[in-house]
Amino acid sequence: MPVPRRRKQAERSAETRDALIQAATALLQSAGYANTTTALIAQHAGVTTGALHHHFPTKEELMFGVLDRSSERVLQRLDAQDHGGQGLGSNDNGIDVASLVHHLWELYGDPEYWAVWEIIIGTRADEALHPRIVAHRLDTMKRVVHPWVARHLTGAAPLPEMLALFEFILVAIRGLSLERFLDKPSAYFEDSLKLLAEMAAWKLAAIEAGAQPDA
């Protein structure tokens with residue numbers, strides 16, 4: 001009978017960090033930022049508080065770990081939608097805005113993404129930490145989202161205008177996700193996303209028309 005392979009220290013360390021980030025993410029969604037203490041995170045992750053502080057000396061560092069994991073998840077799920085080199089939201093006739101809006105809703109409207117908002121909102125009164133959180137999110141947009149838009153959604157359209165349109169869609173989706181706390185019916189979200197897609201498609205057509213050289 002083969003002897004089970006002993007896990008290396010690096011593997012165990014990575015697993016512990018992952019468990020802590022997952023526990024923190026879940027608690028941020030359910031308990032909110034203020035109630036997500038390091039002791040509670042350690043308890044939900046099944047580790048000691050000493051182990052937690054070994055990997056994340058402070059709650060703030062663990063929150064940045066949650067933000068980094070969210071950024072990785074966003075990029076992975078965006079890239080996972082590319083089929084045969086064809087970018088998400090694209091078809092033979094150009095960008096399929098309705099498909100793009102639907103996927104971004106699945107990504108940014110997901111309850112798991114609320115953990116990010118809990119960190120942003122929960123730290124708003126912390127004059128030292130909040131600017132770092134905001135800077136981190138802006139850096140993520142530049143490092144993760146902007147390059148993805150440049151690779152997949154520009155075509156003949158100018159990049160700055162496509163970035164502005166993409167960010168507008170994200171802003172609308174993030175705001176719409178808050179309506180979930182008001183127990184709106186699913187039809188409300190479907191109608192709102194359809195309207196958003198129509199508005200974005202109209203704006204995209206205007207951008208592309210403006211980018212065409214005069215005949």
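Visitor: Which residues line the second largest cavity, and how should I read such a list?

Guide: A cavity is a set of points on a 1 Å grid over the protein atoms alone where a 1.4 Å probe fits but cannot get out, and lining residues have an atom within 4 Å of a point. Here the second largest cavity is lined by Ile95, Val97, Leu100, Met162, Leu165, Phe166, Ile169, Ala200 and Leu204. Helices H5 (97–108), H8 (159–178) and H9 (186–211) are the elements that each give two or more residues to this lining (helices being DSSP runs of H or I, at least four residues, numbered from the N terminus), and H8 gives the most, with 4 residues. This is a predicted model, in which local features need pLDDT of at least 70 and side-chain atom pairs count only at pLDDT 80 or more, while totals for chains, interfaces and linings use all residues. Residues are numbered from 1 along each chain as its sequence is written, and side-chain values use heavy atoms, with hydrogens and water left out.

Visitor: What volume does the second largest cavity have, and how do its lining residues divide by class?

Guide: Its volume, the space filled by probe spheres set on grid points joined across faces, edges and corners, is about 50 Å³. The lining divides into 9 nonpolar residues, with no polar and no charged ones (Ala, Val, Leu, Ile, Met, Phe, Trp, Tyr, Cys and Pro count as nonpolar, Asp, Glu, Lys and Arg as charged, and the others, Gly among them, as polar).

Visitor: How many cavities of 30 Å³ or more does the structure hold, and what lines the largest?

Guide: There are 2 cavities of 30 Å³ or more, and the largest has a volume of about 70 Å³. Its lining consists of Thr25, Val66, Arg69, Ser70, Arg73, Glu112, Tyr113, Ala115 and Val116, which by class gives 4 nonpolar, 2 polar and 3 charged residues. Helix H4 (59–79) and helix H6 (114–122) each supply at least two of these residues, and H4 has the largest share, 4 residues.

Visitor: Is Glu118 buried or exposed, and what does Glu118 touch?

Guide: Glu118, which lies in helix H6, is buried (under 20% relative accessible area with a 1.4 Å probe, protein chains only). Glu118 has no salt bridge (a side-chain nitrogen of Lys or Arg within 4 Å of a carboxyl oxygen of Asp or Glu), and the nearest side chain of opposite charge, Arg124, is 7.6 Å away (Lys and Arg count as positive, Asp and Glu as negative; His and the chain ends are not counted). Leaving aside residues up to four places away in sequence, Glu118 touches Leu28, Gly32 and Tyr33 (heavy atoms within 4.5 Å).

Key: On a 1 Å grid over the protein atoms alone, a cavity is a set of points where a 1.4 Å probe fits but cannot get out, and a pocket is an open set with protein on both sides within 12 Å along at least five of seven lines; lining residues have an atom within 4 Å of a point. Buried means under 20% relative accessible area, exposed over 50%, partly exposed in between (1.4 Å probe, protein chains only).
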